[in-house]
Amino acid sequence: MRNSNGRLNGKRAIVTGAASGIGEAIARSYLQESASVLAVDLPGRNLESKFGGTGGATLLELDITGKNAAAEIIAKAVDAMGGIDILVNNAGIAVGSSVETTSDDLWDKVMGVNVTAMFRLSREAAPHLKKSGAGRIINLGSIMSDLAGPNLFVYGTSKHAVAGLTKSLAVDLGEFGVTANYLQPGAIITALSAPFFEDDAFRSYWEEKAPVGRLGRPQDVASAAVFLASDDAQFVSGVGLNVDGGAIVKF
Ligand SMILES: NC(=O)c1ccc[n+]([C@@H]2O[C@H](COP(=O)([O-])OP(=O)(O)OC[C@H]3O[C@@H](n4cnc5c(N)ncnc54)[C@H](O)[C@@H]3O)[C@@H](O)[C@H]2O)c1
């Protein structure tokens, strides 16, 4: 029997990139808070082993950059859950590059997942979020939505685009009761960040930079994603919420 006392009881959510890291933690937290969740990730990422048999979870394996992916995801969500209240555009990739080492293909690949798929899914979800009356779009930005760093040329550019895209969504959809916000994680330990943290200097830089004195965990970001999805955040829109242990504000 599912708990029906959660903060997201009755809400219907889509979470992309749900097989790993931050997306997995968000999907789990939403389910714990009594939401129904369509968990989306690439074929072969084994969503079944993470969420198979979990009450309230529907699974969909597909590449979100496919031409018809957004339409397929929305159709599955409406079929399985009867509508959509919350869209979490979490799936993302990080590849180190400078301006001179960013090929056209690399640019298209990173922007395709981190920005274009986010745009298309938001566009296809919009009519359903408007019907919700309390629609929410929660996008995964980064502290790199505000900052630029060495070897993060295309990744940082894509995360700045997330900020602009989200603010524009907030303006376009606000009159229909839909809010749009983006999360700005700092250094969170996941599969995506692991290769960067293999560099000891990089790791200790971020451990020391956060005033709270540690690296972040996926659950730290998931807790913020629950807040933004909840009724408590109904007047919060168009903003980036840092989840970085204070790292970005420390001189
Ligand atoms: N980990 C960090 O330190 C950090 C910091 C700031 C922002 N972020 C952002 O948080 C989000 C999640 O990152 P994470 O660290 O949990 O990464 P992760 O690699 O652990 O998980 C990302 C998930 O997205 C999925 N995905 C990637 N491309 C996809 C595609 N084309 N179609 C469907 N699914 C796809 C992957 O299979 C994976 O399961 C990303 O947008 C990332 O940029 C992470």
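# Exercises on a predicted model

At 42% relative accessibility, Asn46 counts as partly exposed (buried is under 20% relative accessible area, exposed is over 50%, partly exposed is in between, with a 1.4 Å probe and protein chains only). The model is predicted: local features need pLDDT of at least 70 and side-chain atom pairs pLDDT 80 or more, while totals for chains, interfaces and linings use all residues. Residues are numbered from 1 along each chain as its sequence is written, and side-chain values use heavy atoms, without hydrogens and water.

## Exercise 1: Two loop residues

Task: place Asn46 and Ser34, and give the sign of phi for each.

Solution.
- Step 1. Asn46 sits in the loop between S2 and helix H2 (47-51) (helices are DSSP runs of H or I with at least four residues, strands are runs of E with at least two, numbered from the N terminus).
- Step 2. Its phi is near 60°, positive although Asn46 is not glycine.
- Step 3. Ser34 belongs to the loop between helix H1 (21-32) and S2.
- Step 4. Phi of Ser34 is near 80°, again a positive value in a residue other than glycine.
- Step 5. Ser34 has 4% relative accessibility, so it counts as buried.

## Exercise 2: The sheet

Task: write down the strand order of the open sheet, then follow the pairing outward from S1.

Solution.
- Step 1. The seven strands run S3-S2-S1-S4-S5-S6-S7, with parallel pairing (a pair needs at least two DSSP bridges).
- Step 2. S3 (57-61) and S7 (240-243) are the edge strands, each pairing on one side only.
- Step 3. From one strand to the next, the twist averages 15° (axes are lines fitted to C-alpha atoms, for helices over the stretch in contact; angles between N-to-C directions run from 0 to 180 degrees).
- Step 4. S1 (residues 12-16) meets S2 (residues 36-41) over five bridges. Ala13 stands opposite Val37 there.
- Step 5. Three bridges join S1 to S4. Val15 has Val88 as its bridge partner.
- Step 6. S4 and S5 share four bridges. Ile86 faces Arg136 in S5.
- Step 7. Ile86 and Val88 point one way from S4, Leu87 and Asn89 the other way, and all are buried.

## Exercise 3: Around helix H4

Task: decide whether Met118 and Ser97 are buried or exposed, and list their contacts beyond four places in sequence.

Solution.
- Step 1. Met118 is in helix H4. Its relative accessible area is 3%, so Met118 is buried.
- Step 2. Met118 touches Asn89, Val113, Asn139, Leu140, Val162 and Leu165 (contact means heavy atoms within 4.5 Å).
- Step 3. Ser97 lies in the loop between strand S4 (86-89) and helix H4 (104-132).
- Step 4. Ser97 is buried because its relative accessibility is 1%.
- Step 5. Ser97 contacts Thr102, Leu106, Asn151, Leu152, Phe153 and Val154.

## Exercise 4: The ligand

Task: which residues are closest to the ligand, and how much of its area does the protein bury?

Solution.
- Step 1. The ligand is surrounded by 29 residues (each with a heavy atom within 4 Å). Ser20, Ile22, Asp41, Tyr155 and Thr190 are the closest.
- Step 2. A ligand oxygen is 2.6 Å from a side-chain N or O atom of Asp41.
- Step 3. For Arg45, an oxygen of the ligand is 2.9 Å from a side-chain N or O atom.
- Step 4. At Ile22, a polar backbone atom is 2.8 Å from a ligand oxygen.
- Step 5. Taken alone, the ligand exposes 830 Å², and the protein buries 94% of that (Shrake-Rupley method, 1.4 Å probe).

Definitions and conventions
A polar contact is a pair of N or O atoms within 3.5 Å; within protein, one must be able to donate a hydrogen and the other to accept it, and residues adjacent in sequence count only if both atoms are side-chain atoms.
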